[in-house]
Amino acid sequence: RMRSSLTRLLLTSTRPSSSSSSSSALGDRLAVSEEVRAAQSDGVGVVALESTVITHGLPFPTNLETGRSLEEVVRKGGAVPATIALIDGKIRVGLSSSELERISQDKKAIKVSRRDVAYTLTKLRLSTYEELQKCLLVKTIIITLQRLTGGTTVASTMWAAHHAGIRVFSTGGIGGVHRGAEETFDISADLWELARTPVTVVCAGIKSILDIGKTLEVLETNGVNTLVYGKENVFPGFFSPRTPFAGQTNSESLEEIADIIALSSSLGLPAGTLLAVPLPSHLAAEGKAVEDAIQIALEEAHAQKIRGQAITPFLLSRVAQLTKGISMRTNVALLENNAKVAANLANILVVKKEAAPASHVRASTKQQKGDANKERKRPKVVVVGASILDFEAITSADLKHDGGSYSGRVVQRCGGVGRNHSEAVGRMLATRAAAAGGTPAAGSSCNRDVVLLSAVGRDAHGEYLLRETGRHVDVSHVMLSSSVPSAIYMSMNQRGHVLYGISCVEEIVKRISPEYISANEEALTTADYIISDGNIGVPTLSRVLEIAKYHKKKVWFEPTDIAKATKFLEACSLSELNLSGVSALSPNAREFLAILSRLDVDAPPSSIDSPTSLLALLQTLPPLLPHTDILLVTMAEHGSVLISKDEAIKYKVSETAWGNAHIIPPPTNENVVSVSGAGDTMNSALLCSLLHNLPLEDSIDISLGACIHTLRSTDAVASELSEMELPWR
């Protein structure tokens with residue numbers, strides 16, 4: 001009878017709450033910090049952090065140091081921390097430094113689960129003697145009354161985070177079904193919150209003092225995803241990285257985990273997700289020592305009849321004594337590891353495109369297998385760089401600086417060197433069916449083999465850039481900023497030559513930060529090649545190169561202009577890569593001179609008068625860029641010089657210490673409309689061809705053909721690239 005009663009309790013306690021919108025009372029009580037609001041507005045990940053670890057879990061000043069440390073870990077991961085606590089009658093989401101210090105020293109703070117929220121917000125207490133001593137003047141007894149301070153548990157933190165629009169929460173471990181619950185009904189409110197609140201809880205598993213098997217059964221019964229972040233589907237038990245139990249599934253990819261979370265949300269599934277992160281291997285020995293001490297402390301607690309809310313503080317204190325402080329250090333390290341994972345996950349979820357609609361999910365397994373067999377592996381390219389809305393004034397009139405008006409036309413188009421490369425690659429890598437398949441829905445990203453990492457404003461210009469680029473490229477990772485407008489560039493074109501340009505680019509490009517790159521590391525790891533433009537900052541480029549080096553990915557660097565040409569050298573130095581970070585380089589002649597100058601080569605300007613003079617210079621120099629497979633120096637109407645490890649007989653003119661030297665003639669100059677984007681198209685076409693293992697000679701021919709299409713177009717990337725006859729289509 002007792003067991004059947006427990007079963008009924010498990011099945012009925014998670015009845016969904018009212019579907020009505022949050023009351024005005026909640027709106028008055030919920031105080032979200034400006035930093036958290038700005039992060040949500042700018043598309044930056046936010047990680048909720050509980051406060052009971054500060055108010056009840058650790059002694060002062062370790063608790064304060066830990067609270068600050070966890071926030072710093074989240075910030076280093078590129079996200080914004082939101083420690084949650086109840087202070088002065090408000091549910092504060094995101095604490096100031098003084099508020100964090102205040103709750104760490106409040107000896108009257110209470111532990112707040114969901115049921116305790118209303119009580120804590122309304123209850124008054126008398127000030128302590130120590131608090132009164134801090135007052136210079138106490139006029140009336142009224143000022144000695146204060147609202148209670150509440151440290152939020154897993155359950156109340158989830159609830160508050162959800163109402164604040166936060167999707168990821170990091171903690172140590174969750175509560176669960178206590179041993180002997182069939183008699184005591186002692187089951188943590190954390191489980192019911194997971195069953196009804198769609199927040200992802202990143203933790204080290206279920207505390208080992210609990211019945212882990214029964215806890216997982218309850219979570220399964222109530223539709224909670226239980227995922228393990230690791231190589232094996234072995235559910236961790238807080239200080240113990242392994243238990244006899246398994247989760248729902250496991251994955252080493254946060255991208256894959258984010259897909260599950262995003263799709264659960266889009267399907268309207270009400271439950272949360274538990275992401276269990278095993279204790280890192282370098283902490284295994286300490287974890288074992290702590291686990292042994294926990295078992296001793298549990299026996300002592302049972303003997304002393306310590307129960308309820310008193311059990312956790314007793315265990316923490318007693319285990320700290322038994323392990324001589326090891327448990328506290330291990331606990332903090334475990335919390336920090338979870339916070340690091342949570343920060344990465346939060347940023348992935350923020351840029352994660354909404355999952356496919358349910359109608360797509362209902363496709364039969366047979367159909368899915370058939371579609372998979374039809375597709376063949378295509379190269380995947382990730383592009384990092386600027387997305388800019390270009391305005392170009394085009395005229396053939398003789399211009400004078402007289403303040404007059406001249407006839408011509410103004411063209412609006414998508415631009416930005418990084419974005420141009422992504423579109424060109426996207427058009428050329430698309431299958432014939434995709435290329436001829438018409439216009440996809442905005443943002444549907446018809447070619448997911450090309451991913452753009454960039455930033456645009458949350459404005460009309462940004463919407464236009466995403467809509468147009470998203471026809472050929474996966475733009476789901478592009479950051480949207482509400483505080484900075486999209487980048488704009490205005491150029492003056494006279495008879496096919498750009499006389500000058502005015503840009504408003506720098507502020508939005510700063511949003512392409514090292515933290516943003518870190519948050520999208522998994523996208524980079526799946527690439528066959530990474531293209532980066534010179535618009536991004538040196539620290540950001542350095543982070544790209546570090547990730548590429550670690551995962552053995554090749555990087556193509558396009559300088560964009562003379563002032564940015566040497567950024568890759570600075571980034572390599574910053575990352576201690578010794579010039580090995582870049583595999584392909586495509587400067588124009590003047591940019592190449594700037595690179596040589598940075599490498600301590602004093603080359604005369606006449607050395608770039610023609611391809612022949614440039615090759616003569618290279619013949620006198622040692623291989624200063626020994627790790628570069630491709631060096632493509634464009635020389636305007638004189639064509640290009642290509643230095644490569646491979647050779648193309650039709651274009652090869654000599655051999656140098658740098659590699660085989662080729663002179664590529666300029667594309668035909670007939671019917672040139674605009675040179676904008678022509679170099680980007682040439683680079684992209686050459687890379688696509690080489691990724692399909694075409695001979696270098698054929699690859700050069702294809703790149704010249706693609707370049708001609710763009711020269712004859714007002715667009716930065718000609719639409720004709722989608723219609724080219726290519727060997728891989």
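**Notes on the predicted model, starting at N660**

1. Let's start with one side chain: a polar atom of the side chain of N660 lies 3.2 Å from the backbone oxygen of D646. Keep in mind as you look around that this is a predicted model. The side chain of N660 has a second polar contact, this one with the side chain of K652, also listed at 3.2 Å.

2. Where does N660 sit? Its place is in strand β28, which covers residues 659-664. Is N660 buried or exposed? The relative accessibility of N660 is 11%, and buried means under 20%, so N660 counts as buried. If you set aside the neighbours within four places in sequence, the residues in contact with N660 are L642, I643, S644, K645, D646, E647, K652, S654 and E655. So D646 and K652, the polar partners from point 1, turn up in that contact list too.

3. Now step back to the sheet that β28 belongs to. It is an open sheet of 9 strands with mixed pairing, and the order reads β17-β14-β22-β23-β24-β25-β26-β28-β27. The edge strands are β17 (450-453) and β27 (652-656); each has a single partner strand, so one side of each is left without a neighbour in the sheet. In the strand order, β28 stands between β26 and β27. As background, strands of a sheet pair through backbone hydrogen bonds, either parallel or antiparallel.

4. One pairing in this sheet is worth a click. Strand β14 (residues 381-384) runs parallel to strand β22 (residues 529-533), and the two share 4 bridges. To find the register by eye, look for V384, which stands opposite S532 in β22.

5. Next, have a look at β20, which pairs with both β15 and β21. Strand β15 (residues 388-395) and strand β20 (residues 487-494) run parallel and are joined by 8 bridges. There, D390 has Y489 in β20 as its bridge partner. The pairing of β20 with strand β21 (residues 497-504) is antiparallel, with 7 bridges, and M490 stands opposite I502 in β21. Strands β20 and β21 make a hairpin with 2 residues between the strands, and R495 takes a positive phi near 55° in that hairpin.

6. Which other residues have a positive phi without being glycine? D600 is one, with phi near 70°. D600 is in the loop between α27 (589-598) and α28 (611-619), and its relative accessibility of 73% makes D600 exposed. A636 is another, with a positive phi of about 55°. You'll find A636 in the loop between β25 (630-634) and β26 (640-644). A636 also counts as exposed, at 59% relative accessibility. Both flanking strands, β25 and β26, belong to the sheet from point 3.

7. There is a cis peptide bond to check as well. The bond joins F60 and P61, with omega at about 5°. P61 is in the loop between α4 (52-57) and α5 (62-76).

8. For a link between distant parts of the chain, try S513 and G78. They are 435 residues apart along the chain, yet their C-alpha atoms are separated by 8.6 Å. S513 is in the loop between α22 (506-509) and α23 (514-519). With a relative accessible area of 16%, S513 is buried.

9. How many cavities of 30 Å³ or more does the structure hold? The count is 1, and about 40 Å³ of space lies in the largest cavity. Its lining is made up of S387, R419, L452, V456, L465, L466, T469, V475 and V478. Helix α21 (residues 460-469) gives the largest share of that lining, with 3 residues. L452 from the lining falls within the range of β17, one of the edge strands in point 3.

10. Finally, some totals. The protein chain has 30 helices and 28 strands. Of its 729 residues, 53% are buried. The chain exposes about 32800 Å², with carbon and sulfur atoms supplying 52% of that area. Taking contacts between residues at least 6 apart in sequence, 74% join residues at least 24 apart.

Conventions. Residues are numbered from 1 along each chain as its sequence is written. This is a predicted model: local features need pLDDT of at least 70, side-chain atom pairs count only at pLDDT 80 or more; totals for chains, interfaces and linings use all residues. Side-chain values use heavy atoms; hydrogens and water are left out. Buried means under 20% relative accessible area, exposed over 50%, partly exposed in between (1.4 Å probe, protein chains only). A polar contact is a pair of N or O atoms within 3.5 Å; within protein, one must be able to donate a hydrogen and the other to accept it, and residues adjacent in sequence count only if both atoms are side-chain atoms. Contact means heavy atoms within 4.5 Å. Two strands pair if DSSP finds at least two bridges between them. Accessible areas come from the Shrake-Rupley method with a 1.4 Å probe; for residues, only the protein chains shown count as cover. On a 1 Å grid over the protein atoms alone, a cavity is a set of points where a 1.4 Å probe fits but cannot get out, and a pocket is an open set with protein on both sides within 12 Å along at least five of seven lines; lining residues have an atom within 4 Å of a point. Grid points are joined across faces, edges and corners, and a volume is the space filled by probe spheres set on the points.
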